Amino acid sequence: MSESAAGRRPNILFMCVANSVRSQMAEGLARIIFGDKAHIQSAGAFAYDLHPVAVRVMGEIGIDISDQLSKSVDTINLSDIDIIVVLCKEQVCPPNTPKAKRYEWPMPDPSQPAKTDEERLKRFRDVRDELQKKIEELLKELGF
């Protein structure tokens with residue numbers, strides 16, 4: 001689905017439960033990886049606060065997501081979405097949308113309690129790195 005094939009930039013929505021970690025990191029990564037080739041958004045089953053460790057680990061690779069806002073899927077016009085990427089393993093993610101192609105990339109929630117700060121950081125970094133890999137693969141799959 002290149003821009004010329006679609007006639008416009010595709011609208012891509014990344015979703016997770018609270019739109020505070022996984023989908024926020026995916027949005028930040030996709031904005032860099034896709035550039036102006038797609039319109040990128042994220043949302044959650046409900047909105048929560050942007051997680052400070054997500055901001056930290058994204059900053060480690062030079063991506064500032066601190067200005068991104070957590071949004072509920074209720075604030076998104078799903079009829080405008082071409083691609084929805086569901087990142088949660090939990091079963092509270094959105095229903096299917098009529099026209100959107102749906103990708104399931106279930107990832108663990110790195111914000112769950114950890115024994116040490118280093119273990120928690122590793123979880124966030126692992127999710128960030130896996131998201132980056134999958135978003136780069138999506139870019140190629142879409143023909144950009």
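Which residues of helix 4 are buried? In this predicted model, they are Leu121, Phe124, Val127, Arg128, Leu131, Ile135, Leu138 and Leu139. An α-helix has 3.6 residues a turn, so residues three or four places apart point the same way. The buried residues of helix 4 pack against strand 1 (11-16), helix 2, helix 3 (52-59), strand 3 (83-88) and strand 4 (101-107).

Helix 4 covers residues 117-141, 25 residues in total. At 1.5 Å a residue it should span 36 Å, and its end C-alpha atoms are indeed 36 Å apart. After helix 4 comes Gly143, with a positive phi near 85°.

Among the buried residues of helix 4 is a charged one, Arg128. Arg128 counts as buried because its relative accessibility is 7%, and the cut-off for that class is under 20%. Its side chain is joined to the side chain of Asp129 by a polar contact of 2.9 Å. Beyond residues up to four places away in sequence, Arg128 touches Met25, Leu29, Val57, Met58, Glu60 and Ile61. Of these, Met25 and Leu29 are among the buried residues of helix 2.

Helix 2 itself has 13 residues and occupies positions 22-34. From first C-alpha to last it reaches 17 Å, close to the 18 Å expected at 1.5 Å a residue. How many of the residues of helix 2 are buried? The count is 11 of the 13, so helix 2 is largely enclosed by the rest of the structure. The buried set consists of Arg22, Ser23, Gln24, Met25, Ala26, Glu27, Gly28, Leu29, Ala30, Ile33 and Phe34. These buried residues pack against strand 1, strand 2 (39-44), helix 3, strand 3, strand 4 and helix 4. Just after helix 2, Gly35 takes a positive phi of about 60°.

Ala26 gives a local view of this packing. It sits in helix 2 and counts as buried, because its relative accessibility is 0%. Leaving aside neighbours within four places in sequence, Ala26 is in contact with Phe14, Leu87, Leu131 and Ile135. Leu131 and Ile135 belong to the buried residues of helix 4. Met15 is 11 residues from Ala26 along the chain, and the C-alpha atoms of the two are separated by 9.0 Å.

A further set of contacts to helix 2 comes from Gln68, in the loop between helix 3 and strand 3. At 13% relative accessibility, Gln68 counts as buried. The side chains of Gln68 and Gln24 make a polar contact of 2.5 Å. Outside its neighbours within four places in sequence, Gln68 is in contact with Gln24, Glu27, Gly28 and Leu50. Gln24, Glu27 and Gly28 are among the buried residues of helix 2.

The loop between strand 1 and helix 2 contains Asn19. Most residues other than glycine have a negative phi. Asn19 is not a glycine, yet its phi is positive, about 50°. Asn19 counts as buried because its relative accessibility is 0%.

The last feature is the largest pocket, which holds about 160 Å³ of space. Its lining consists of 13 residues, and Ala18, Ser20, Val21, Asp109 and Ser111 lie nearest its centre. By class, the lining divides into 6 nonpolar, 4 polar and 3 charged residues.

Methods. Residues are numbered from 1 along each chain as its sequence is written. This is a predicted model: local features need pLDDT of at least 70, side-chain atom pairs count only at pLDDT 80 or more; totals for chains, interfaces and linings use all residues. Side-chain values use heavy atoms; hydrogens and water are left out. On a 1 Å grid over the protein atoms alone, a cavity is a set of points where a 1.4 Å probe fits but cannot get out, and a pocket is an open set with protein on both sides within 12 Å along at least five of seven lines; lining residues have an atom within 4 Å of a point. Grid points are joined across faces, edges and corners, and a volume is the space filled by probe spheres set on the points. Helices (H or I, at least four residues) and strands (E, at least two) are DSSP runs, numbered from the N terminus. Buried means under 20% relative accessible area, exposed over 50%, partly exposed in between (1.4 Å probe, protein chains only). Contact means heavy atoms within 4.5 Å. The expected span of a helix is 1.5 Å times one less than its number of residues. A polar contact is a pair of N or O atoms within 3.5 Å; within protein, one must be able to donate a hydrogen and the other to accept it, and residues adjacent in sequence count only if both atoms are side-chain atoms.
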